[in-house]
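Open the model in your viewer and keep the selection tool at hand. Each stop says what to select next.

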Amino acid sequence: MSTARTFESIVVIFNPNSTGDAPKLAEELKASLADLLPYAADIALQPTAHAGHAVELAREAAGGGRNVLIVSVSGDGGYNEVVNGVMQAGNPNAVCAVMAAGNANDHRRTTRTQPLEAAIAGGKVRHIDLLKMTTGANTDAPMEYAHSYIGFGLTPVMAIDLEKGSKGALKEMFSVMRTFSKFKPFEIRQTDGKRRKFDSLVLANIAEMAKYATLSEADDAASDGKFEVVIFPHRSKLRVLLTALRATTQGLGDQPSVSSYRFTTLKPIPYQIDGEVQSVEANTAVTIECAPAALATLG
């Protein structure tokens with residue numbers, strides 16, 4: 001049996017301007033841990049000041065090789081920043097966790113094993129896989145990690161449109177339908193040199209995304225050394241809509257599992273990484289690999 005982990009320090013990172021309850025939840029977590037922990041630990045609240053700040057805060061907190069826990073009180077996007085900051089620090093003694101305080105919270109919902117406060121007090125740490133995305137062929141090519149998924153095509157385009165308006169079920173539905181009606185497929189060149197046209201391409205480390213869609217029968221522990229490749233080849237809009245409906249009602253079933261996936265973009269295309277939208281330039285080699293057991297986590 002593994003020894004329960006204790007932490008010299010616990011750093012709680014949150015967005016003070018969150019539309020959710022992040023500031024309140026962060027304060028409550030600190031108070032709960034002060035009562036629950038069977039040992040003394042320095043518990044610090046770290047509010048972010050701007051986009052990307054959580055990467056810096058997490059990297060700094062994890063630096064120096066200390067036995068530290070970094071908790072992100074956020075949704076999937078905020079947790080993505082914390083995970084990337086911890087990975088950049090390269091500290092094998094750093095552990096990550098997330099307290100759901102966002103819109104979708106796909107990662108927490110699909111990987112949760114117990115209440116976070118109890119998990120921290122119990123100190124039962126496990127390791128999960130990450131997705132590592134490299135854009136470019138050079139040795140110094142930009143690299144980033146995803147804890148849940150990376151999506152190209154319809155998914156990020158819809159996300160961009162949703163961010164333009166207010167959240168809410170009815171408004172989300174209208175935004176999705178408006179975007180879907182205007183959506184055009186994207187084309188990539190695969191490693192065999194052939195071009196393929198897709199409506200959507202999702203590389204998933206978890207089985208569910210966007211609150212509703214069940215993409216695959218992926219391992220809920222996210223620790224099998226592989227990720228699922230969920231492809232929507234270019235088809236009529238009606239067939240794409242029917243497939244999306246199946247994802248939200250009965251799930252898409254088993255999907256191919258791989259340890260790496262490579263292609264080259266032909267035009268600039270947006271992508272969504274753990275809920276946050278970015279873009280990759282034309283004629284760029286994209287490599288997505290599984291980083292097995294790369295992240296120490298609990299909860």
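The tour visits the nonpolar cores, then one strand and its partners.

This is a predicted model: local features need pLDDT of at least 70, side-chain atom pairs count only at pLDDT 80 or more, and totals for chains, interfaces and linings use all residues. Numbering starts from 1 along each chain as its sequence is written, and side-chain values use heavy atoms, without hydrogens and water.

**Stop 1: the largest core.** Select Ile10, Leu69, Val71, Val73, Leu116, Ile120 and Leu298. Of the 23 residues in the largest nonpolar core, these touch the most other members. A nonpolar core joins buried Ala, Val, Leu, Ile, Met, Phe, Trp, Tyr and Cys residues through side-chain atoms within 4.5 Å; buried means under 20% relative accessible area (1.4 Å probe, protein chains only). Now colour β1 (9–14), α1 (22–36), β3 (68–74), β4 (95–100) and α5 (116–122): each supplies at least two residues of this core. Helices (H or I, at least four residues) and strands (E, at least two) are DSSP runs, numbered from the N terminus. The most comes from α1, with 4 residues.

**Stop 2: another core.** Apart from the largest one lies a core of 22 residues, including Ala54, Val98, Tyr145 and Ala222.

**Stop 3: strand β9.** Select residues 195–204. Here 7 of the 10 residues are buried, so β9 is largely enclosed by the rest of the structure. Strands pair if DSSP finds at least two bridges between them.

- Add β7 (149–153): 5 bridges join it to β9, antiparallel. Ile150 partners Leu203.
- Add β8 (186–190): 4 bridges, antiparallel. Phe186 stands opposite Phe198.
- Add β12 (227–233): 6 bridges, antiparallel. Leu201 partners Ile231.

Methods: Buried means under 20% relative accessible area, exposed over 50%, partly exposed in between (1.4 Å probe, protein chains only).
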